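Biologist: I'm new to this structure and would like a close look at a single part of it. Could you pick the sheet and the helices around it, and then set that part against the rest of the chain?

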Amino acid sequence: MKMRQLRALSGFILLTLVVLTTARPKAGPDQKCKSGPVDLVFLIDSSRSVRPHEFETMRKFMIDILNTLDIGLDTTRVGVVQYSSQVRSEFSLKTHSKLENLVKAINEIIPLAQGTMTGLAIRYLMNEAFTLQQGDRPKVPNVAVIVTDGRPQDRVAEVAAEAREKGIEIYAVGVARADMTSLRAMASPPFEDHVFLVERFDLIHQFGLQFQDKLCGVDLCLESEHGCEHLCESSPGSFHCLCLPGYTLNEDGKTCAAIDLCANGKHNCEQICISSPGSFTCDCNQGYNLNTDKKTCSPIDLCAEGKHDCKQVCVNMGPGIFTCDCNEGYRLNEDEKTCSAIDLCAEGKHDCKQVCVNMGPGIFTCDCNKGYRLNEDEKTCSAINLCAEGKHDCEQICISAPGVFTCDCNKGFKLNKDKKTCTNMDMCKTVEHGCEHQCVNTPGSYYCICPEGQLLQEDGKSCGTCRSANIDLVLLIDGSKSVRPQNFELVKKFVNQVVDSLDVSLHGTRVGLVQYSSRVRTEFPLNKYNTAEEIKAAVLKVEYMEKGTMTGLALKHMLENSFSEAEGARPASRNIPRVGLVFTDGRSQDDISEFAKKAKEAGITMYAVGVGKAVEDELREIASEPVDKHFYYTTDFSAISTIAENLKLNVCPAAESQGEIEVKDPCACENLVEFQHATINSLEQLTQKHILSEKLTCWSPFALHFRD
């Protein structure tokens with residue numbers, strides 16, 4: 001039903017928009033067009049290129065159309081949306097049911113005066129303006145009239161096609177600087193019936209007259225053989241002929257004659273007058289330019305204006321004429337444009353040993369090939385021995401060639417990839433490594449590993465287990481759309497790896513889990529589970545939320561709810577450490593400052609873990625002092641399990657001491673090496689269980705980067 005009404009309405013608008021050069025009768029103050037119900041939305045361009053008086057013309061254009069419509073909740077509903085770099089609804093289809101209220105609202109519109117985001121505006125039109133909530137009626141035609149004066153700064157073709165597929169009939173009216181290609185991309189087909197380009201804003205009323213015309217009864221200009229050559233203007237029961245601008249109506253009252261101001265002498269051109277109907281433009285004779293007054297002419301100095309192709313010197317020979325010349329020491333070539341210097345080097349008139357450098361006409365200097373330096377006589381050259389001069393960074397052996405060197409190593413050592421340093425081929429056998437369990441060689445170094453079920457301790461040598469004693473831990477995990485389902489499963493594994501290191505019990509460590517996106521959901525509170533197995537099983541059942549990233553809202557929820565006694569947090573009087581860990585993969589869509597600060601003021605030790613597009617400034621704002629010891633970052637989700645391993649090493653001693661959680665500085669060299677060793681230890685243990693794939697052999701522990 002709605003499509004039939006749209007086709008009918010399309011026919012009605014088609015007839016009202018035939019050509020911009022055809023005027024139509026304007027309904028009188030007592031005439032109201034009687035048409036079927038229509039939902040009509042004006043989408044008006046208020047970018048900075050629309051000047052104030054032009055915006056007023058656009059405002060009058062809308063009011064003139066409204067004056068002819070039968071406005072009412074059951075007849076014609078009207079909405080207005082303006083846009084520039086942003087989109088603002090001035091009033092919706094359901095806001096006003098009376099003409100005087102619509103006119104008042106239009107007169108109160110304040111232009112935005114920014115960019116031209118037409119695609120963004122069409123999407124708002126489709127998703128917001130034509131909705132039931134905004135007053136759109138089922139089975140009533142949807143019509144949009146887009147008025148713009150410029151080229152869109154975003155893509156319009158795809159979103160306009162989507163709007164048309166949803167049944168919105170789009171008319172594109174371009175004014176002055178509007179781009180015809182963009183207008184055609186927006187409008188409904190056929191383009192000749194839906195695309196209109198007006199030369200200037202004061203002609204836009206013609207579109208309004210056409211829009212009024214079809215709604216106001218019989219038009220003698222359409223229904224009779226009026227015989228007007230240019231324009232026919234109807235009046236009740238009659239009509240009269242008009243001419244386009246630049247023409248005058250002949251005595252027969254129907255035909256038009258062009259006004260030739262040049263032939264009539266009604267111009268002030270200094271040299272040449274070019275006529276067009278009712279107007280003229282001035283031009284100048286060859287060799288002269290039209291001045292800014294568009295009337296007088298000045299001789300063209302092609303040299304002064306840079307409109308020449310002389311290589312060096314341009315000589316003005318008269319209006320529009322020049323010749324080329326050269327600077328001293330140069331000669332003009334046969335093309336009479338370019339110049340050639342007298343080159344003593346090319347002519348062999350020098351005594352340089354290796355290289356002659358031309359410095360200008362009759363001037364040269366000597367230079368040497370790469371790897372040689374010029375001697376004091378400034379003619380001969382000597383080879384540069386960087387090894388002998390000590391200008392190298394080889395660790396053991398330097399091999400010289402002119403200006404360059406290569407490094408080598410003593411017997412029993414191997415040159416490293418940096419081509420400078422050397423590595424003893426077996427560090428475990430040549431140094432007192434001190435590994436409690438096993439020493440493993442790496443290029444130029446070594447690391448210690450521990451038996452399965454034990455962790456490498458802070459000294460990087462001894463082995464032991466670490467079970468936290470007594471903390472309340474709440475994890476906030478990002479479930480936004482950008483995480484994606486496969487990565488969300490890695491996040492859950494990350495959570496369970498942290499849980500594995502904790503002594504979970506009613507009187508020991510309590511763990512709560514909160515997921516957030518555009519909203520916040522408590523997956524389970526602190527007092528829900530009393531064993532690590534229960535918690536890990538619950539984590540695996542957590543469903544991915546998707547949507548946005550409201551980290552500030554999640555922090556507020558954690559502070560006000562998750563650490564409340566109602567959800568299992570133990571009373572502050574017991575001095576049980578409270579720890580919050582925020583995991584996110586992107587920039588928060590809301591402000592985090594207030595509740596990040598309040599959480600730390602409430603005595604909660606905050607950790608921030610970021611992946612991918614997470615913002616370092618936000619991680620630092622969330623993390624407790626010292627900030628550099630309370631946040632982690634990795635470029636991709638595949639490495640977050642390694643963060644979990646490192647995090648366990650840092651949480652354990654803090655929890656056991658019931659004090660502030662200590663996080664090692666991830667940028668300190670010794671901690672990077674220690675973390676590398678711990679990571680390789682964990683990976684080797686996993687390999688022994690046949691968990692890792694063959695791709696592990698290509699994995700580098702340095703793929704994980706912590707930011708300072």
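Modeller: Here is a walk through one sheet and its packing, followed by a few salt bridges elsewhere in the chain.

Keep in mind from the start that this is a predicted model. To get your bearings, the protein has 17 helices and 36 strands. Its chain runs to 708 residues, and 45% of them count as buried. Among contacts with a separation of 6 or more, 59% are between residues 24 or more positions apart.

Now for the sheet. It's an open one, built from six strands in the order 33-32-31-34-35-36, with mixed pairing. Why are strand 33 (520–524) and strand 36 (631–634) left with one side lacking a neighbour? Because they stand at the edges of the sheet, where each has a single partner strand. Going from one strand to the next, the twist averages 20 degrees.

Let's zoom in on one of those edges. Strand 32 (residues 510–516) and strand 33 run antiparallel, and four bridges join them. If you want a spot to click on, try Val514, whose bridge partner in strand 33 is Thr522.

Next, look at what lies against the sheet. Helix 11 packs on it, touching strand 31 (472–478), strand 32, strand 34 (578–584) and strand 35 (604–611). The direction of helix 11 makes about 170 degrees with that of strand 31.

Helix 11 has a helix partner too. Two packed helices are described by the angle between their axes and the distance between the axes. For helix 11 (residues 485–500) and helix 12 (residues 532–540), the axes come within 9 Å and cross at roughly 175 degrees. An angle over 145 degrees counts as roughly antiparallel, so that is how helix 11 runs relative to helix 12. On the helix 11 side, the residues that meet helix 12 are Lys492, Val495, Asn496, Val499 and Asp500. Facing them from helix 12 are Ala532, Ile535, Lys536, Val539 and Leu540. Sorted by class, this contact has six nonpolar, one polar and three charged residues.

That's the part you asked about, so let's step away from it to the salt bridges. The count comes to 27 salt bridges. One of them sits within helix 14 (residues 593–601), where Lys597 and Glu601 are four residues apart, about one turn of the helix. Their side chains meet at 4.0 Å, N to O, and both Lys597 and Glu601 are exposed.

Arg151 and Asp179 make another salt bridge, at 3.3 Å, N to O. This pair links distant parts of the chain, 28 residues apart. Arg151 is in the loop between strand 4 (142–148) and helix 5 (157–165), while Asp179 is in the loop between strand 5 (168–175) and helix 6 (180–186). Are these two buried or exposed? Arg151 counts as exposed because its relative accessibility is 55%, and Asp179 is buried, with a relative accessible area of 14%.

Finally, find Arg51 and Glu54, whose side chains meet in a salt bridge of 3.2 Å, N to O. Arg51 is partly exposed, at 41% relative accessible area, whereas Glu54 is buried, at 8%. These two also belong to a network of salt bridges that links Arg51, Glu54, Asp149 and Arg177.

Note on methods. Residues are numbered from 1 along each chain as its sequence is written. This is a predicted model: local features need pLDDT of at least 70, side-chain atom pairs count only at pLDDT 80 or more; totals for chains, interfaces and linings use all residues. Side-chain values use heavy atoms; hydrogens and water are left out. Buried means under 20% relative accessible area, exposed over 50%, partly exposed in between (1.4 Å probe, protein chains only). Helices (H or I, at least four residues) and strands (E, at least two) are DSSP runs, numbered from the N terminus. Axes are lines fitted to C-alpha atoms, for helices over the stretch in contact, and angles run from 0 to 180 degrees between N-to-C directions. Angles under 35 degrees count as roughly parallel, over 145 as roughly antiparallel, 65 to 115 as roughly perpendicular and the rest as oblique. Contact means heavy atoms within 4.5 Å. Ala, Val, Leu, Ile, Met, Phe, Trp, Tyr, Cys and Pro count as nonpolar, Asp, Glu, Lys and Arg as charged, and the others, Gly among them, as polar. Two strands pair if DSSP finds at least two bridges between them.
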